[in-house]
Amino acid sequence: MASFPPTTALPGIVADIAHGLPVQIISLTGEIWSGNVREISLPGSEGRFGVLAQHAPLLATLREGMVSVFPVGAEPPLHVYVSGGHVEVQPGKVIVLADLGLRSENLDDARARAAREAAASPMAIELTDPDNAKVHAELALQRLQQLRSLPFK
């Protein structure tokens, strides 16, 4: 019987997965995040795709969406919003070049800040004023009375 030579590639891949894949996420304003990951999931222009250690080299465009980063170890996943950009995948590293990027915890802060600003805007204050609500109720009642007075055939 013929014997097959032992494969030495498998232990190297397993070791790479255990140590993780170095990833950098960079936007126009600077570095957003860097570290070693088990996996990174990206919003490609042709659809979502994932990258693990020893991935084939790749250069792809990104559409607007969330980049999901799964760090090595027990750290929780990190999500980064990107407005578009490019990703370069090499067997030993991944570089995400985002047009604009925002980490998920910053995104939550930004949403809360925008909601506070919207609630404090002059228009919101005017629309939630009880006098304004009373005027709108009176106008609606007048319109209803006008409609009721119309002859229907």
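Me: In which strand is Ser-41 found?

Reply: Welcome! This is a predicted model, and Ser-41 belongs to strand S2, which covers residues 30–44.

Me: Is Ser-41 buried or exposed?

Reply: The general idea is that a residue is called buried when its relative accessible area is under 20%. Ser-41 has a relative accessibility of 14%, so it counts as buried.

Me: Which residues is Ser-41 in contact with, leaving aside its neighbours within four places in sequence?

Reply: There are two runs to look for in the structure. Ser-41 touches Arg-48, Phe-49 and Gly-50, and also Met-66, Val-67 and Ser-68. With Arg-48 there is a polar contact as well, joining the two side chains at 2.9 Å.

Me: Now to the surface. Which residues make the nonpolar surface patch of about 330 Å²?

Reply: Look for Leu-147, Leu-150 and Phe-152, which form that patch together. Leu-150 sits in the segment that follows helix H4 (130–149).

Me: Why can Leu-150 be called partly exposed?

Reply: Partly exposed is the class between 20% and 50% relative accessible area. Leu-150 comes out at 44%, so it falls in that class.

Me: Where is confidence lowest and where is it highest in the protein chain?

Reply: A good way to read confidence is to begin with the whole chain. Its mean pLDDT is 82, with 76% of the residues reaching 70 or more. Helix H1 (residues 9–19) has the lowest confidence, a mean of 52, while strand S8 (residues 93–98) has the highest, at 96. Over residues 10–15 the pLDDT is below 50, and this stretch has one contact in the model beyond near neighbours in sequence.

Conventions:
Residues numbered from 1 in each chain as written. Predicted model: local features only at pLDDT ≥ 70, side-chain atom pairs only at ≥ 80, totals over all residues. Heavy atoms only, no water. Patch = residues over 30% accessible without salt bridge, like charges linked within 9 Å, V, L, I, M, F, W, Y side chains within 5 Å. Areas by Shrake-Rupley, 256 points an atom, 1.4 Å probe, with all protein chains shown as cover. Salt bridge = Lys/Arg side-chain N within 4 Å of Asp/Glu carboxyl O. Helix = DSSP H or I, 4+ residues; strand = E, 2+ residues; numbered from the N terminus. Buried < 20%, exposed > 50% of the residue type's maximum accessible area, 1.4 Å probe, protein only. Polar contact = N/O pair within 3.5 Å; in protein donor to acceptor, adjacent residues only side chain to side chain. Contact = heavy atoms within 4.5 Å. pLDDT = per-residue confidence, 0-100.
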